[in-house]
Amino acid sequence: MINLLNTNTMKTKATLLLVALLFTFGGKALAQMDECVTTASLFIEPAKAKNYEAALPHYEKVVKDCPTYSLATYQYATKMFEYFIEKGDKSKITDLENAYNLRIKYYPNKSKIGDIMADIAQVKYDNGIGTKMEQFNNFDAAYKKDAKTFTSPKSIYTYFSLAKELFDEGQKDIQEVFDLYDIIQDKIAVEEVKYATRLATLIDKEEAGTALTAKEQKKVKGYETNLGSYGKIKGSVDTKLGKIADCTNLIPLYERLWEEKKNDVAWLKSSAGKLNSKDCDTPLFFKMVQQLHSIQPSAASAFYLGRLAEKEGKDGSDYYNQAISLETDPNQKVKYYSSLAENYRKKGSYGQARKYYRNVLEIKPNEGRAYLKIAQMYAQSSNNCGSSVFEKRAINWLAAQMADKAARVDPSIASSARAAASSYRQRAPSKTDIFSSGMQGKTVSFSCWVGGSVRVPNL
């Protein structure tokens, strides 16, 4: 009985001690939390209202006493410091960098490292901080640290632009510029495909007759804006590369490097690719292709053998098919499918050509030129698709639809695509033709290679 009482007494004391400890330390934790709520709100609330002058005096206390209170602290801090920098206070660049570093330290899983480092690099570049080489190294470090989230079109262009300028000043070798050009073009292609795939899904939904929600319409605008930005910098990068990548510079450069690099597969692929893209007429191209195929028969070497066959007036289709079967890189497959499609288009084999253009679009939905080529083939087939003049001309509506899609998914050719669509519509039956034929609102089907149908507009 006594032992039982002693045991119960001990348990009671232990419980009371635990409650006391929880009250003491828990109370302190709760008090500290309450203090952080007050401290953080003094900064976050005015910052949220863009009253940065009122927010600034409270920022240091928040990051000192409550650094892990909220991710919002660093989100608003970067906006605040960017505001002051835009107003001309360059001293805040260091504060911006520190805010980003604190975000990465305390919220690593919610921080896109490449994006953050590129943003810091861009701010320093825009404000003339550091030498040109230091500026380039900032972007280079960001890309190499986290290429996946290094997605800003402006920063991608600045990164390459600095490399080209350093070459112009004799601080970089021309091959370094070419290597970075390949990297940048691949990066742009990846980002374009990402947005074009999302856009194409919504366009297809809309064309199928399902109205887009307000949220989806907003997404469409966003995807089109991003595609426009990437299309613009793609052209700007090509312009920036300029004449240093023409045949007069490429041929002597590669001839000079031939002995040193002729067993380097990556160099052979890249160099042959540039000679091919510029259509440089040189025996060196043949040497590169033969060497590449002998060292490592590959999709690239098969493709270039196809090009050589074409130059000799032969059919390169078998080589292109080999290239497609061997290739694993989607961007390269697009090139091979495009070459096959063009071969068949030029021969007048439109059905086969469309098949390969569709293969292109499955991989790269923003390849507007593929849509334009299909539109062109539709229009050129008008005399063979239809039993009446009205039906033959109606195919131009189908051609116009293809051209419209090209304009939407590929802003880099939007102007010419819209002009083509307008031209096709002018060739289609007029309102008078529609009225006199009684075809308004009806469907015209095509039994030729085109297949499918088109709905005649209502008057």
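Is Phe-81 buried or exposed? Keep that one in mind while you get your bearings; the tour comes back to Phe-81 shortly.

**Zoomed out**

What you have open is a predicted model. Colour the chain by pLDDT to begin: the average is 90, and 93% of the residues score at least 70. Now select residues 15-30, where pLDDT stays under 50. For that stretch the model has two contacts beyond four places in sequence. Where pLDDT is low, the predicted coordinates should not be read in detail.

Switch to a cartoon view and you can look for 20 helices and two strands. Turn the chain around: along its principal axes the C-alpha trace spans about 105 × 70 × 65 Å. A compact globule of 459 residues would have a radius of gyration near 23 Å, while this chain comes out at 31 Å. Buried residues make up 45% of the 459. Take the contacts with a separation of 6 or more, and 60% of them are between residues 24 or more positions apart.

**Aromatic pairs**

Next, show the aromatic side chains. The whole structure holds 23 aromatic pairs. One of them is Tyr-59 with Phe-81, an edge-to-face pair with 5.3 Å from centre to centre and 85° between the planes. Tyr-59 sits in helix H2 (residues 52-65) and Phe-81 in helix H3 (residues 72-86), so the pair links distant parts of the chain, 22 residues apart. And here is the answer to the opening question: Phe-81 is buried, because its relative accessible area is 2%, below the 20% cut-off. Tyr-59 is buried too, at 4%.

Stay on helix H3 and select Tyr-74, then add Tyr-106 from helix H4 (residues 92-106). These two form a stacked pair, 6.5 Å centre to centre with 20° between the planes. They also link distant parts of the chain, 32 residues apart. How accessible is each partner? Tyr-74 is buried, with a relative accessible area of 0%, whereas Tyr-106 counts as partly exposed at 28%.

For a group of rings, select Phe-285, Phe-303, Tyr-304, Tyr-320 and Tyr-336 together: they form one aromatic cluster.

**Charges over rings**

Now for two places where a charged side chain meets a ring. Select Phe-84 and Lys-92: the lysine lies over the face of the ring, 5.6 Å from the ring centre. Then go to Tyr-195, where the charged end of Arg-198 sits over the ring, 5.6 Å from its centre.

**Polar stops**

Which residues does Glu-342 touch, once its neighbours within four places in sequence are left aside? Find Glu-342 in helix H15 (residues 330-347) and you will see contacts with Tyr-357 and Lys-373. With Tyr-357, the side chain of Glu-342 makes a polar contact of 2.2 Å. Glu-342 counts as buried because its relative accessibility is 18%, under the 20% limit.

Move on to Ser-270, in helix H11 (residues 265-277). Show Asp-182 as well, and look at the 2.8 Å polar contact that joins the two side chains. Ser-270 is buried, with a relative accessible area of 17%.

For another serine, go to Ser-436 in helix H20 (residues 431-437). This serine is exposed, at 58%. A polar atom of the Ser-436 side chain lies 3.2 Å from the backbone oxygen of Asp-433.

**Two loops to finish**

Most residues other than glycine have a negative phi. Your last two selections have a positive one.

Select Lys-50, in the loop between helix H1 (2-48) and H2. Phi of Lys-50 is about 65°, positive although the residue is not a glycine. Lys-50 counts as exposed, with 63% relative accessibility.

Then jump to Asp-279, in the loop between H11 and helix H12 (283-295). The phi of Asp-279 is near 55°, again a positive value in a residue other than glycine. Asp-279 counts as partly exposed, at 47% relative accessibility.

Definitions and conventions:
Residues are numbered from 1 along each chain as its sequence is written. This is a predicted model: local features need pLDDT of at least 70, side-chain atom pairs count only at pLDDT 80 or more; totals for chains, interfaces and linings use all residues. Side-chain values use heavy atoms; hydrogens and water are left out. Helices (H or I, at least four residues) and strands (E, at least two) are DSSP runs, numbered from the N terminus. Buried means under 20% relative accessible area, exposed over 50%, partly exposed in between (1.4 Å probe, protein chains only). A polar contact is a pair of N or O atoms within 3.5 Å; within protein, one must be able to donate a hydrogen and the other to accept it, and residues adjacent in sequence count only if both atoms are side-chain atoms. Contact means heavy atoms within 4.5 Å. pLDDT is the predictor's confidence in each residue, from 0 to 100. Rings of Phe, Tyr and Trp (its six-membered ring) pair if their centres lie within 6.5 Å; planes under 30 degrees apart count as stacked, over 60 as edge-to-face and the rest as tilted. A charge sits over a ring if NZ of Lys or CZ of Arg is within 6 Å of the ring centre and within 35 degrees of the ring normal. The radius of gyration is taken over C-alpha atoms; the globule rule is 2.2 Å times the number of residues to the power 0.38.
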